[in-house]
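Let's walk through a protein model together, one question at a time. Have a look at the sequence and structure first.

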Amino acid sequence: MTKSAVLRLLALGVTLLLLLTRTGAQSLKEQRKRMAAASYKAKSHCCDDVRGLKVQVANLTSLLEELTRKQDTVVRQMMELDNQNRQQEARVTEAESKYSEINNRVEIMQLQASQSVTQTSSDAIYDCASLYLKNYRISGEYKLPADDFLGTPGLEVFCDMDTNGGGWTVIQRRKVGLTSFDRDWKQYKKGFGAPRGDFWLGNDNIFRLTRQPTMLRVELEDWEGEIRYAEYQHFTLSNELNSYKLFIANYSGSAGQDSLRYHNNTNFSTKYKDNDKCVDDCANLRKGGYWYNCCTDSNLNGVYYRYGEHTRNTDGITWYGWHGPNYSLKRVEMKIRPQNFQP
């Protein structure tokens, strides 16, 4: 082969090699483009899925917030309805009580008008028990005649002629909550309030009524409507010179542990008249007049808290033996009658 032929063959080989190299490079470039396009498409699809999930989460969060707001609104409405229902029940109860009292008052007036028994002698009518024995058998308000021997005026009282045989003279009542019992010595001495509502009969009057052997009954009602009682076969007060000291004995009843025993043989205290057995001023702390020791196992003349809703203070109407020191009772009555009373 001639030299020129060899050169032509070499030139042809180089040309073919260049063509193959160029073709391979173009093929590789196209393959890379296809791979990049596929990768971009996959990434784009993944981002679309993430964005979709984020939108769904946002929608669910918004829906949850809306449901929470609606739930809060429904709860508030239910609480308002419950409160309105309680208020309505209280108004109905009070209306029924007033109607009953008015009806009883009419019956009492009719009965008194038909009786020929004198009401001007302290020997004839001494208390509700003596009224009962003279056939005054309807619970309600009566006026006891003046006591000529002691020189005391007539006394308006509320008589319970139904409970456990009747004949009870009510000396204290808490049921409405509109009368403050955070009062001074003079007011507790003379008495305050109204016999048909919340009242204290007066320490002088209670002392007068307990000159004969007397028993005490304490009735308690909580905000769930449960009623319990405590009876003491012996109850008396000293006179004012001895600070109306309390003496009780022989407890029985359903009120749990005796919560008046701790107050036995203690003087009466009021604000500005601290006669308790404690360094603290119990009357000021418990906001009432009572036979405070140091300070209380009961506080029947404390602050009237509705629905028992006080959990931080111990100055409510309390009886520790039943609901403890942080539950203020709905209704309390203290009533007395002679030990020898026979219905």
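**The backbone and its unusual spots**

Q: In which loop is the place of Cys295?
A: This is a predicted model, and we can place Cys295 by the elements on either side of its loop. One of them is strand S9 (298–299), and the other is helix H5 (282–286). Cys295 therefore belongs to the loop between H5 and S9.

Q: What is the omega of the cis peptide bond from Cys294 to Cys295?
A: Most peptide bonds are trans. The bond that joins Cys294 to Cys295 is cis instead. Its omega is near -5°.

Q: Is Ser243 buried or exposed?
A: Ser243 lies in the loop between strand S7 (227–237) and strand S8 (246–253). Its phi is positive, near 60°, though Ser243 is not a glycine. Buried means under 20% relative accessible area. Ser243 has 14% relative accessibility, so it counts as buried.

Q: What is the phi of Tyr244?
A: Tyr244 sits in the loop between S7 and S8. With 0% relative accessibility, Tyr244 counts as buried. Most residues other than glycine have a negative phi. Tyr244 is not a glycine, yet its phi is positive, at about 50°.

Q: Over which residues is the pLDDT below 50?
A: For the protein chain, the mean pLDDT is 82, and 72% of its residues reach 70 or more. One stretch falls below 50, although it has 16 contacts in the model beyond near neighbours in sequence. Where pLDDT is low, the predicted coordinates should not be read in detail. The stretch to treat this way is residues 114–123.

Definitions and conventions: Residues are numbered from 1 along each chain as its sequence is written. This is a predicted model: local features need pLDDT of at least 70, side-chain atom pairs count only at pLDDT 80 or more; totals for chains, interfaces and linings use all residues. Side-chain values use heavy atoms; hydrogens and water are left out. pLDDT is the predictor's confidence in each residue, from 0 to 100. Contact means heavy atoms within 4.5 Å. Helices (H or I, at least four residues) and strands (E, at least two) are DSSP runs, numbered from the N terminus. Buried means under 20% relative accessible area, exposed over 50%, partly exposed in between (1.4 Å probe, protein chains only).
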